[in-house]
Amino acid sequence: MTDETYIGALDQGTSGTRFVVFNTAGESVSAAFTAHHQRATPPDRVEYDPLKLWGCATDAIRRGLARGDVDSEQLRTLGISSQRQTVLLWDAESGRPVTRALSWRDRRTAAQISALDAAEKRLIRERTGLEPDPYFAAPNATWLLDNGGEPCNGVERSVRGTPHHERTAGGDSLRERAAAGEVLLGTVDAWLLYNLTGTHATDVTNAAQTMLFDIRKREWDDDLLDLFDVPRAALPTVHASSDPDGFGMTDPDGILNAAIPVTGVMGDQQAALLGRVACADADAKVTYGTGNFFLQNTGTEPVDADGELLTTIWFQRAGEDPQYGLEGPVFATGAVLEWLQEIGLLEDAGGFDQTDRTGQPGAGQLVPAFGGLGAPDWVPDARGGMFGLHRDVGGEDIVRAAVEAIAFGTRAVVDAAEDATGVEHDRLLVDGGAIQDDVFAQCQADLIDRPLVRSDVTQTAALGACFAAGLAVDIWDDLDDIDACRPTGRTFRPSSDSDVAVDAYRDWREVVEAVASVYQSA
């Protein structure tokens with residue numbers, strides 16, 4: 001152990017939780033990852049046990065510190081990045097979860113979204129910048145308040161060690177208890193913060209993804225709270241992403257055994273953009289995760305994309321104006337690779353060394369609407385399929401169609417962003433799991449028809465949380481100051497024969513639009 005001080009970053013994602021210790025040059029000193037499991041009940045329900053999410057966080061923190069021989073008191077500050085839309089309820093006094101956490105992948109509220117009338121959908125778009133969809137927390141919060149959910153694994157004590165207090169004899173409903181402030185509601189960042197610090201808080205980037213938050217006024221919106229019947233008293237206080245005073249101190253008797261300030265909180269996709277130091281207007285990145293997530297910095301003014309992309313907040317420092325962005329979530333990317341592995345067409349969902357041996361371009365079109373269609377089509381109840389099948393189509397052609405679908409979904413949202421802003425992207429910053437494979441990365445560059453710059457830092461969301469936390473305590477003075485910590489990267493340029501993708505992309509879009517129209521007219 002040295003006398004050096006560090007920044008801790010807790011990154012809670014769809015498939016696991018990572019804790020990274022960074023030095024003040026933005027370099028990783030040590031890291032630990034703990035996988036967790038979602039409980040999926042096909043075809044549309046995806047849940048987490050909140051206690052296990054917290055357990056994964058504590059395990060990753062312990063192992064990350066131990067691997068770097070870092071004492072928790074050497075942490076000058078702590079940052080958090082997390083999956084943004086997953087939502088849960090917990091008891092305000094005991095800290096015990098009273099429902100499971102509903103994942104952003106959960107689609108049980110598709111009918112609720114479809115039942116919204118035109119005026120309600122317009123209200124959501126105008127106030128939040130979001131397209132009405134079960135992807136966001138609001139409808140799932142309504143479902144939890146109406147239906148409760150199963151108890152979480154029968155543990156009789158809360159994660160913070162306080163005995164669980166049973167409901168009063170009157171048996172008030174969850175919504176009544178939430179309205180009284182006895183039950184708290186939040187996304188995963190708020191849940192982690194509560195257990196680390198006892199503070200019920202979130203940041204603007206996570207709040208902006210709930211479908212309950214006015215992104216221009218930067219406050220919970222009463223009309224939307226009424227629309228989804230969510231009590232204001234249950235919601236967290238909203239702070240800037242980088243705030244020296246907003247998120248509290250860790251419990252000295254808790255997991256870190258020290259009082260460490262939490263000064264940075266961001267949604268994982270926004271944190272990844274900051275981790276790439278993509279702070280100039282029009283900078284854009286794509287994260288290859290369970291889904292593909294395009295996010296472009298549009299500066300201090302929100303930009304509308306005619307319902308094709310999301311207008312959101314991607315970063316704010318305390319005392320400064322927020323930075324807005326355009327986002328295009330493509331719901332199925334890593335999920336497509338996992339499916340190929342499950343049906344025996346891909347040996348390893350994390351590696352794609354056989355991409356160069358796949359079938360011919362355009363041999364078939366895969367529409368991977370495993371959980372509805374996201375950007376730019378937004379059809380919550382759509383289902384996917386393989387189209388263009390004939391007798392000679394084999395497994396290699398299906399793999400090729402999957403590779404194309406991943407790239408073409410991204411290409412569609414990039415095209416929509418260019419149409420909305422009038423700015424052409426001469427490159428895209430990319431990070432995440434599958435894109436670490438060189439053959440796959442080159443294939444994506446060919447199909448998207450733009451240079452892709454892959455970060456040498458694989459955990460860019462954690463690095464973004466580190467930057468947000470460090471900016472708040474003056475480790476770095478401003479966004480320009482973190483430029484010295486910008487990760488290096490490798491560029492994959494479209495090959496000379498990338499023109500073969502033009503017809504394949506056109507055919508794929510025609511199929512997707514046809515599928516979307518079928519479900520929209522049903």
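**Pockets, cavities and the H10–H11 contact**

Helix H10 provides the largest share of the lining of the largest pocket, namely four residues. The model examined here is predicted. The space in this pocket amounts to about 940 Å³. Its lining comprises 43 residues, of which Ser15, Tyr288, Gly289, Thr290 and Gly433 are the closest to the centre. Besides H10, the elements that give two or more residues to this lining are strand E2 (16-22), strand E3 (28-35), helix H9 (268-275), strand E15 (284-288), strand E21 (428-432) and helix H13 (460-472). By class, the residues lining the largest pocket divide into twelve nonpolar, 24 polar and seven charged.

H10 also gives the most to the lining of the second largest pocket, again with four residues. The volume of the second largest pocket is about 510 Å³. A total of 20 residues line the second largest pocket, and Pro43, Val46, Arg105, Ala335 and Phe370 lie nearest its centre. Two or more residues of this lining come from each of strand E4 (39-41), strand E5 (45-48) and H10. Eleven nonpolar, three polar and six charged residues make up the lining of the second largest pocket.

H10, which spans residues 334-342, packs against H11 at an angle of about 170°, and the two axes are 10 Å apart. Angles over 145 degrees count as roughly antiparallel, and H10 and H11 are therefore roughly antiparallel to each other. On the H10 side, the contact is formed by Val336, Leu337, Trp339 and Leu340, which meet Ile398, Ala402 and Ile406 of H11. The residues of this contact comprise seven nonpolar, no polar and no charged.

Turning to enclosed space, the structure contains two cavities of 30 Å³ or more. The largest cavity has a volume of about 170 Å³. It is lined by 18 residues, with Val330, Leu373, Ala375, Gly409 and Trp508 closest to its centre. Helix H11 (395-421) and helix H14 (500-520) are the elements that give two or more residues to this lining. H11 supplies the largest share of the lining of the largest cavity, four residues. H11 thus appears both in the lining of the largest cavity and in the contact with H10. The lining of the largest cavity consists of 13 nonpolar, three polar and two charged residues.

The volume of the second largest cavity is about 90 Å³. Of its 14 lining residues, Leu185, Gly186, Thr187, Thr210 and Trp220 are the closest to the centre. The elements that give two or more residues to the lining of the second largest cavity are helix H4 (137-147), strand E9 (183-187) and helix H7 (204-207). The largest share of this lining, three residues, comes from E9. Nine nonpolar and five polar residues line the second largest cavity, with no charged residues.

Over the whole chain, 14 helices and 23 strands are assigned. The radius of gyration is 22 Å, close to the 24 Å that the globule rule gives for 522 residues, so the chain is as compact as a globular protein of that length. Along the principal axes, the C-alpha atoms of the chain fill a box of roughly 65 × 55 × 45 Å.

Terms used
Residues numbered from 1 in each chain as written. Predicted model: local features only at pLDDT ≥ 70, side-chain atom pairs only at ≥ 80, totals over all residues. Heavy atoms only, no water. 1 Å grid on protein atoms, 1.4 Å probe; cavity = no way out; pocket = protein on both sides within 12 Å on 5 of 7 lines; lining within 4 Å. Points joined across faces, edges and corners; volume = space filled by probe spheres on them. Nonpolar A, V, L, I, M, F, W, Y, C, P; charged D, E, K, R; others polar. Axes fitted to C-alpha atoms, helices over the stretch in contact; angles between N-to-C directions. Parallel < 35°, antiparallel > 145°, perpendicular 65-115°, else oblique. Contact = heavy atoms within 4.5 Å. Rg over C-alpha atoms; globule rule 2.2 N^0.38 Å.
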